[in-house]
Amino acid sequence: MKKQKEDYSHLQASQPIGIFDSGVGGLTVAREIKRMLPQENLIYFGDTKHLPYGDKSRDAIIGYSTKITNFLLEKNCKAIVVACNTATANALNQVLDIVDRKVPVIDVIHPVAEKVAYEIHNNVGVIATKATVSSGLYRKSIRKHNKFIKVDELATPLLVPAIEEGFRNHPITNAIIYNYLSNSKLKNIETLILGCTHYPLLMAEIKQFYGNRVRVIDSPSIVATQLKHILDKHRLLNSDNASPSYEFFVSDLTKNFEKISKKIFGNSIKLELKVL
């Protein structure tokens, strides 16, 4: 990950935070940011037209991510949260190049990997999209900080489409979860990282599978904490905003996105179609 020069004195606390993902998954991160930073204005972009990112080529993912980043910069965001593991694993450097140190960029892999590396974990499992697993970024990032941790990554490509189709608390999703988590790659893990921001929407089902045998990492909370730390460090926390605004842009209007976003942010929110 490229080192940024941390000088954001040109930014104002009142500017919004930009968040993007391929679909509804990043809403799990947005929900934590809203909970932890209730006075912040948020702009969310869900690239529902191109989901899932996990089975797209690296060049395609870079193309989508850079267009969205430019859009969020045009919307005057003071920070950009890449709330998509696949985009982080395949396009983070390109996003950083475009941002060019104008605003802080927070991704969803490095804060989680660093936290796991410095806690007591020996055998860590990661479930994620094909593109994230192919990048090996979780293993590299964790072992960069702690070379003694064993990391096993498993591609679980059917989970994102199931979530986007609204199959939560459903026999289909439960069957998919059982099939994936029973894989021999995950046999001896004591900790599981949900390496896709969609997956916390299935947290209850995943915890039910494991009981208390495996610790499931709450990635959105870790990412929101990192964002809060960076904004606080640079005096960019919005602490005087009684009526925060939430803007939602999608590249394709879908009923499931509308349902989940309204469940988290209230029925008054409006989705705006924006094709980049």
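This is a tour of selected helices, residue pairs and single residues in a predicted model.

Residues are numbered from 1 along each chain as its sequence is written, and side-chain values use heavy atoms, with hydrogens and water left out. Because the model is predicted, local features need pLDDT of at least 70 and side-chain atom pairs count only at pLDDT 80 or more, while totals for chains, interfaces and linings use all residues.

**Stop 1: helix H1**

Select residues 27-36, which form helix H1. Helices here are DSSP runs of H or I with at least four residues, strands are runs of E with at least two, and both are numbered from the N terminus. Show the side chains of glutamate 32 and arginine 35, which form a salt bridge with the closest N and O atoms 2.9 Å apart. A salt bridge is a side-chain nitrogen of Lys or Arg within 4 Å of a carboxyl oxygen of Asp or Glu. The two residues both lie in H1, three residues apart, or about one turn of the helix.

Which end of this pair is buried and which is exposed? Glutamate 32 counts as buried because its relative accessibility is 12%, and arginine 35 counts as exposed at 55%. The cut-offs are under 20% relative accessible area for buried and over 50% for exposed, with partly exposed in between (1.4 Å probe, protein chains only).

**Stop 2: H1 against H11**

Keep H1 and add helix H11, residues 255-265. The two helices pack at an angle of about 15°, with their axes 10 Å apart. Axes are lines fitted to C-alpha atoms, for helices over the stretch in contact, and angles run from 0 to 180 degrees between N-to-C directions. H1 and H11 are therefore roughly parallel to each other; angles under 35 degrees count as roughly parallel, over 145 as roughly antiparallel, 65 to 115 as roughly perpendicular and the rest as oblique. Their crossing is right-handed, a term used if the near helix is turned clockwise from the far one by less than a right angle, with anticlockwise giving left-handed.

To see the contact (heavy atoms within 4.5 Å), select Leu27, Ala30, Arg31 and Lys34 on H1, then Phe257, Ile260, Ser261, Ile264 and Phe265 on H11.

**Stop 3: an aromatic cluster**

Now show the rings of Tyr44, Tyr246, Phe248, Phe257 and Phe265, which ring pairs link into a cluster. Rings of Phe, Tyr and Trp (its six-membered ring) pair if their centres lie within 6.5 Å; planes under 30 degrees apart count as stacked, over 60 as edge-to-face and the rest as tilted. By this rule there are nine aromatic pairs.

**Stop 4: H8 and H9**

One aromatic pair is that of phenylalanine 209 and tyrosine 210, which is edge-to-face, at 5.0 Å centre to centre and 90° between the planes. Phenylalanine 209 counts as partly exposed at 21% relative accessibility, whereas tyrosine 210 counts as buried at 3%.

Select helix H9 (residues 203-210) together with helix H8 (residues 171-181); they pack at an angle of about 50°, with their axes 10 Å apart. That angle makes H8 oblique to H9. The crossing is right-handed. On the H8 side, pick Asn174, Ile177, Tyr178 and Leu181; they meet Glu205, Ile206, Phe209 and Tyr210 in H9.

**Stop 5: further salt bridges**

How many salt bridges does the structure hold? The count is nine. Go to lysine 56 and aspartate 55, whose side chains meet at 3.6 Å, N to O. Lysine 56 is partly exposed, with a relative accessible area of 26%, and aspartate 55 is exposed at 53%.

Next select aspartate 152 and lysine 150, a salt bridge with the closest N and O atoms 2.6 Å apart. Aspartate 152 counts as buried at 18%, while lysine 150 is partly exposed at 44%. Then select Lys115, Glu119 and Arg215, which are joined into one network by salt bridges that share partners.

**Stop 6: two single residues**

Histidine 234 sits in the loop between helix H10 (219-233) and strand E9 (246-250). Histidine 234 is buried, with a relative accessible area of 17%. Leaving aside neighbours within four places in sequence, histidine 234 is in contact with Glu6 and Tyr8.

Finish at lysine 274, in the segment after strand E10 (271-273). Lysine 274 is partly exposed, at 32% relative accessible area. With neighbours within four places in sequence left aside, its contacts are Phe45, Phe71, Phe249, Val250 and Ser251.
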